[in-house]
Amino acid sequence: MSSKMQSSNNIAQARRTVQQLRIEANIERIKVSKASADLMNYCSEHAKYDPLLMGIPASENPFKDKKPCTIL
Amino acid sequence: MGEMEQMKKEAEALKTQIEAARKAVHDTDMASAASGVAPAPRVQLKTRKNLKGHLAKIYAMHWSTDNRLMVSASQDGKLLIWDSHTGNKVNAVPLKSSWVMTCAYAPSGNLVASGGLDNMCTVYNLKTPVIKTVKELDAHTGYLSCARFLSDTEILTASGDTTCALWDLETGKQKTVFLNHVGDCMCLSLSPDMNSFVSGACDSLAKLWDIRDGQCKQTFQGHTSDINAISFLPSGNAFITGSDDCTCKMYDLRADQEVIGYQDAALNSGVTSLALSMSARLIFAGYDDFNCNIWDSLKGEKVGVLSGHDNRVSCTGVPPDGMCVCTGSWDSFLKIWN
């Protein structure tokens, strides 16, 4: 590659980097306290539906191997 | 050259501006904010199923949306479809290339995909009388590290060629190529609303992408090594990453930064995989040290461990109904825990 082509590639790359950084710089940001509060709310609202958190009764556990019942 | 100098200056100024903006909203971190929250209970899960069938290292697994079937991929050159309730193998798909690194189940349950060192993503129809290859997606110039179906007509891939791509499954061509990472892309996760996805790469960065316009919207720093695993929270506002730097991190999209890290001085193995419980309170992270550690996502504390594999845990998955967690390992077994 000629050095002229190389430097115009570098300029193109630099332009793309600046363009990308402009996009990323221009977003609206919310406070971490608000982001955390929303996440905490989500977890607490959904906790009661979370089987791995709440535990699963043996009778409702499709993965638990059923032991054979003996009728006495 | 004048323009080059100008570009460099502007880039530096923009980076400084971004850092300052992030700092300005960093009024706390998640662990401090959650200090009043009751700790998650000590989580002790039992192995309910030990799925034996693969003859070599398992590299990937993915649950079907029916909460019962799952697909696993091994370098024994096979995809296996399992009925997780019975532990039985429902299907075996022989692969053209045994160097598989990823597998995926379509939301419809009709298709599965796999890919790896062959640089291709191969899609199979499970519903034809004999399982058929329906497409070989061939355009990446590096290995396929991750694939995820949006539907029966679109699939997203991540590649060692540093790009991600959205493919049209009817034409077999790339619709959109996502360019911005400077290291191998290792993982991706779709947002719950399916309008965006996040990717993790060997450049230690995570990036948020708009699926339709192909644009990288945000870049997240913090990790100091390859990001091997990534997962959106069901709320859609945050995602978790797992890295070779032995830590996991939660990043919030709207705060545009890391809000909490999950690490322990005693842990010096890389994170290979991760999955979230339904409420997102628990993070199941697979490590090179053969364990899967369970983290309280809000408080950053370890609340349990899944021990039992005899080699690296390479993949982890929680089905949509949250009823269990599956771990897959280089020891060739998959375990179901709850």
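Here are some questions and answers about how chain A and chain B meet in this predicted model, and about one strand of chain B.

User: How many residues does the contact take from chain B?
Analyst: Happy to help! Both chains contribute residues to this contact. Chain A gives 39 residues, while the number from chain B is 68 residues.

User: Which residues in chain B lose the most area to chain A?
Analyst: Let's begin with the area itself. Chain B and chain A bury about 4400 Å² between them, and 68% of it is on carbon and sulfur atoms. On the side of chain B, three residues together make up 14% of what is buried there. Those that lose the most area are R254(B), S279(B) and M323(B).

User: Which residue of chain B meets R29(A) in a salt bridge?
Analyst: Between the two chains, the count is five salt bridges. A salt bridge needs a side-chain nitrogen of Lys or Arg within 4 Å of a carboxyl oxygen of Asp or Glu. For R29(A), the distance from N to O is 2.9 Å, and the partner is D256(B).

User: Which element gives the most to the side of chain B that touches chain A?
Analyst: Good one! The count of residue pairs in polar contact between the chains is 15, with both residues at pLDDT 80 or more. Elements that give two or more residues to this side of chain B include α1 (2–25), β21 (257–262) and β23 (282–287). The one that gives the most, with 13 residues, is α1(B).

User: How many nonpolar residues has the side of chain B that touches chain A?
Analyst: Sorting that side by class gives three groups. There are 17 polar and 15 charged residues, and the nonpolar count is 36.

User: Is β23(B) mostly covered or uncovered?
Analyst: Look at which way its residues point. L282(B), F284(B) and G286(B) point one way, and I283(B), A285(B) and Y287(B) the other way, yet all are buried. With six of its six residues buried, β23(B) is mostly covered.

User: Which residue stands opposite Y287(B)?
Analyst: Strand β22 (residues 271–276) of chain B runs antiparallel to β23(B), and five bridges join them. Their hairpin has five residues between the strands, and there A280(B) takes a positive phi near 70 degrees. Opposite Y287(B) in β23(B) stands V271(B).

User: What is the bridge partner of A285(B) in β24(B)?
Analyst: β23(B) is also joined by five bridges to strand β24 (residues 292–296) of chain B, and these run antiparallel. Four residues lie between the two strands of this hairpin, where F290(B) in the turn has a positive phi of about 85 degrees. In β24(B), the bridge partner of A285(B) is N293(B).

How values were computed: Residues numbered from 1 in each chain as written. Chains lettered and ligands numbered in written order. Heavy atoms only, no water. Contact = heavy atoms within 4.5 Å. Buried area = accessible area lost by both parts, 1.4 Å probe. Polar contact = N/O pair within 3.5 Å; in protein donor to acceptor, adjacent residues only side chain to side chain. Nonpolar A, V, L, I, M, F, W, Y, C, P; charged D, E, K, R; others polar. Buried < 20%, exposed > 50% of the residue type's maximum accessible area, 1.4 Å probe, protein only. Pairing = 2+ DSSP bridges.
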